[in-house]
Amino acid sequence: MAQLVAEDKAGPDDMSAEAELWQRHGYGRKAESLALDAYRHGSLKAEAVLKDAYIARAGADAKGFSDYLIDGLRNAARAGGGSFKPVPAFSATTIAGVKVDPASLGGKITVLDFWFIGCPPCRAERPKLNELAVEFGDRVRFLSFALDQPDALKTYLTSNPFKYEIVPESQQIARSFGVQAFPSHMITEGHLVFVFLACGTLGAVIMCPEVAE
């Protein structure tokens, strides 16, 4: 049955369905590989398959799943080699006075968020983004590029805290990254690994990704 699904695969959710079938038939490694690929290409359903695979491998509960998922995404990114886009050149300073550019990001996994104060879906997803920043802590860097002026941001943040580092007046940076809608999210690790344009909703590691080409 899984092979029949594979022959008619049309997208990430189909890959996830195939992975679940392989998993049910006892082919855990094959299921895990397919589910990770489906997850990288945007299937929200694949996370459940990956969590089951992690629990089966660890022989415990889901504690540590986030680290497992980070390692899986990192290894998949490295396997992709030179097929990923480089991080566009930019130089900026956060509202906390920290200078940032592609070199400062190094090879660490960095989540980028492009937003502005008057964006309703940006505000709606803020609690989830703050949860992600707390969950991953120092293992992942969280950097946001806001379109607004520094003073407006500081006023806004007094009642709307955001746990990302925040760069103000980022219109040109957003253009250099190809952002045309907000919110948009990306993940880098020395190069662009995932691009999520105007997703609006985020999951355990940040969902609805499209592999950068």
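These legends accompany four close-up views of a predicted model.

**View 1. Helix 2 and its surroundings.** Let's start with helix 2, which covers residues 12–24. The 13 residues of this helix should span 18 Å at 1.5 Å a residue, and its end C-alpha atoms are indeed 18 Å apart. Looking for the buried side of the story, you will find Met15, Ser16, Glu18, Ala19, Leu21 and Trp22. Asp13, also part of helix 2, counts as partly exposed because its relative accessibility is 38%. The C-alpha atom of Asp13 lies 5.2 Å from that of Ser43, although 30 residues separate the two along the chain. Just after the helix comes Gly26, with a positive phi of about 90°.

**View 2. The second largest pocket.** Here we move to a pocket that holds about 160 Å³ of space. Its lining is made up of Arg29, Glu32, Ser33, Leu36, Leu50, Arg57, Tyr68 and Gly72. Helix 3 (28–40), helix 4 (46–58) and helix 5 (65–79) are the elements that each give two or more residues to this lining. Which helix gives the most? That is helix 3, with four residues. By residue type, the lining of the second largest pocket divides into three charged, three nonpolar and two polar residues.

**View 3. Helix 7 and its bend.** This view follows helix 7, whose 17 residues run from 120 to 136. From first C-alpha to last, the helix reaches 25 Å, close to the 24 Å expected at 1.5 Å a residue. Where does helix 7 bend? Look at Arg126: the bend there is about 45°, and a proline, Pro127, follows within four residues. Arg126 is also among the buried residues of helix 7, together with Cys122, Glu125, Leu129, Asn130, Leu132, Ala133 and Phe136. Gly137 follows the helix and has a positive phi, near 50°.

**View 4. The largest nonpolar core.** In soluble globular proteins, nonpolar side chains tend to be buried together. The largest nonpolar core of this model has 21 residues, and those touching the most other members are Trp115, Val140, Phe142, Phe162 and Ile166. At least two residues of this core come from each of strand 3 (110–115), helix 7, strand 4 (141–146) and helix 8 (150–159). Helix 7, already familiar from the previous view, supplies the largest share of the core, five residues.

How values were computed
Residues are numbered from 1 along each chain as its sequence is written. This is a predicted model: local features need pLDDT of at least 70, side-chain atom pairs count only at pLDDT 80 or more; totals for chains, interfaces and linings use all residues. Side-chain values use heavy atoms; hydrogens and water are left out. On a 1 Å grid over the protein atoms alone, a cavity is a set of points where a 1.4 Å probe fits but cannot get out, and a pocket is an open set with protein on both sides within 12 Å along at least five of seven lines; lining residues have an atom within 4 Å of a point. Grid points are joined across faces, edges and corners, and a volume is the space filled by probe spheres set on the points. Ala, Val, Leu, Ile, Met, Phe, Trp, Tyr, Cys and Pro count as nonpolar, Asp, Glu, Lys and Arg as charged, and the others, Gly among them, as polar. The expected span of a helix is 1.5 Å times one less than its number of residues. The bend at a residue is the angle between axes fitted to the seven residues ending there and the seven starting there. Buried means under 20% relative accessible area, exposed over 50%, partly exposed in between (1.4 Å probe, protein chains only). A nonpolar core is a set of buried Ala, Val, Leu, Ile, Met, Phe, Trp, Tyr and Cys residues joined through side-chain atoms within 4.5 Å.
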